[in-house]
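User: Please take a close look at a single part of this structure and describe its surroundings in one connected account. I should like each term explained where it is introduced.

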Amino acid sequence: MKKIYYVVLCILLLFITGCKKSNEKISLDKKYYNTGEFINVNSEEVSKLDSENYILYSYNNYCAFSVPCEDIFKEFMNKYKIDFLSIKFEEFKKTKYYKKIKYAPSIIIISKGKIIAYLDPNSNDDSDKYQDVTKLEEWIKGYVEISNDN
C-alpha cells in the first residue's frame, strides 16, 4: 500500500512542479528578436518581467578576460538580431536572481521569472563561452530557439 501512495505522490509532484523536458527550448518574447542591441534596465524593470522570456546580461565596470566578453556577446547578438537586457551588477544585486548568481559578468536565460541557465565567470566549464562566439552560440542555442531569420 505504501508503494501505491509513493507512486501517486511522485506523479502529483511532477504535475505540480510543471517539470519540462530538459531538451525543451524557450522562445524569447518577440520584442527581443529585434536589432541585436543591449537594452539597459534597472532592478525595478527586471522585477516587472516575470511573464516574459529574455536574456539578461549582468556586468561589472571592468573585464578580466583577454577579449572583452561584451564584444563576444555583441557579435552573437548582431548575428541573430537578438537584444539582451543589460544591468550593472550593483543594480543586479537588488533582483531576486542575485540569490543564485553571485558573480558578474553573466548571461542569464530567464523564462517566466525563472532562471533556465546562466554563465558563471568563476567556472572553468563556462570560460570558453566568454571568449569564443561559437561556444557562446552553441550554449545559448541549447536553451533558446534561434534562427538566422528571427
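Analyst: The buried residues of helix H3 pack against four strands, S1 (38-40), S2 (53-59), S3 (84-88) and S4 (106-111), and against two helices, H5 (127-131) and H6 (133-141). Contact here means heavy atoms within 4.5 Å. Helices (H or I, at least four residues) and strands (E, at least two) are DSSP runs, numbered from the N terminus. The model is a predicted one, in which local features need pLDDT of at least 70 and side-chain atom pairs count only at pLDDT 80 or more, while totals for chains, interfaces and linings use all residues. Residues are numbered from 1 along each chain as its sequence is written, and side-chain values use heavy atoms, with hydrogens and water left out.

The buried residues of H3 are Cys69, Ile72, Phe73, Phe76, Met77 and Tyr80. Their directions fall within an arc of 130° when seen down the axis of H3, so they line one face of the helix. Buried means under 20% relative accessible area, exposed over 50%, and partly exposed in between (1.4 Å probe, protein chains only). The arc is taken over the directions from the helix axis to the C-beta atoms.

The length of H3 can be checked as well. Its twelve residues (69-80) should span 16 Å at 1.5 Å a residue, and the end C-alpha atoms are 17 Å apart, which agrees. The expected span is 1.5 Å times one less than the number of residues. Just after H3, lysine 81 takes a positive phi of about 55°.

H3 lies across S1, S2, S3 and S4, and runs at about 115° to S1. For such angles, axes are lines fitted to C-alpha atoms, for helices over the stretch in contact, and the angles run from 0 to 180 degrees between N-to-C directions. The strands beneath this description belong to an open sheet of five, ordered S1-S3-S2-S4-S5, with mixed pairing. S1 and S5 are the edge strands, each pairing on one side only. The twist from one strand to the next averages 35°. Two strands pair if DSSP finds at least two bridges between them.

Within the sheet, S3 is mostly covered, with four of its five residues buried. S3 is joined to S2 by four bridges, and the two strands run parallel. S1 and S3 also pair in the parallel sense, over three bridges. Leucine 85 in S3 is the bridge partner of leucine 56, and isoleucine 39 also stands opposite leucine 85. Serine 86 in S3 is the bridge partner of tyrosine 57.

Phenylalanine 73 illustrates how H3 meets its surroundings. Apart from residues up to four places away in sequence, it touches Phe38, Tyr57, Phe84, Ile107, Lys129, Tyr130 and Leu136. Phe73 is also among the members of the largest nonpolar core that touch the most other members, together with Tyr54, Leu56, Phe76, Phe84, Ile140 and Val144; this core has 41 residues. The elements that give two or more residues to this core are S2, H3, S3, helix H4 (89-92), S4, strand S5 (114-118) and H6. H3 gives the most, with six residues. A nonpolar core is a set of buried Ala, Val, Leu, Ile, Met, Phe, Trp, Tyr and Cys residues joined through side-chain atoms within 4.5 Å.

H6, one of the helices that H3 packs against, has its own buried set: Val133, Leu136, Glu137, Trp139 and Ile140. These residues cover an arc of only 165° around the axis, which puts them on the same side of H6. They pack against S2, H3, S3, S4, S5 and H5. H6 lies across S2, S3, S4 and S5, at about 20° to S4.

Serine 58 adds a view from strand S2, where it is found. Serine 58 counts as buried because its relative accessibility is 0%. Leaving aside neighbours within four places in sequence, its contacts are Ile87, Phe89, Phe92, Tyr103, Ala104, Pro105, Ser106 and Ile108.

For the chain as a whole, the secondary structure comes to six helices and five strands, which run α-β-α-β-α-β-α-β-β-α-α from the N terminus on. Of its 150 residues, 39% count as buried. Among contacts in the chain with a separation of 6 or more, residues 24 or more positions apart account for 69%.
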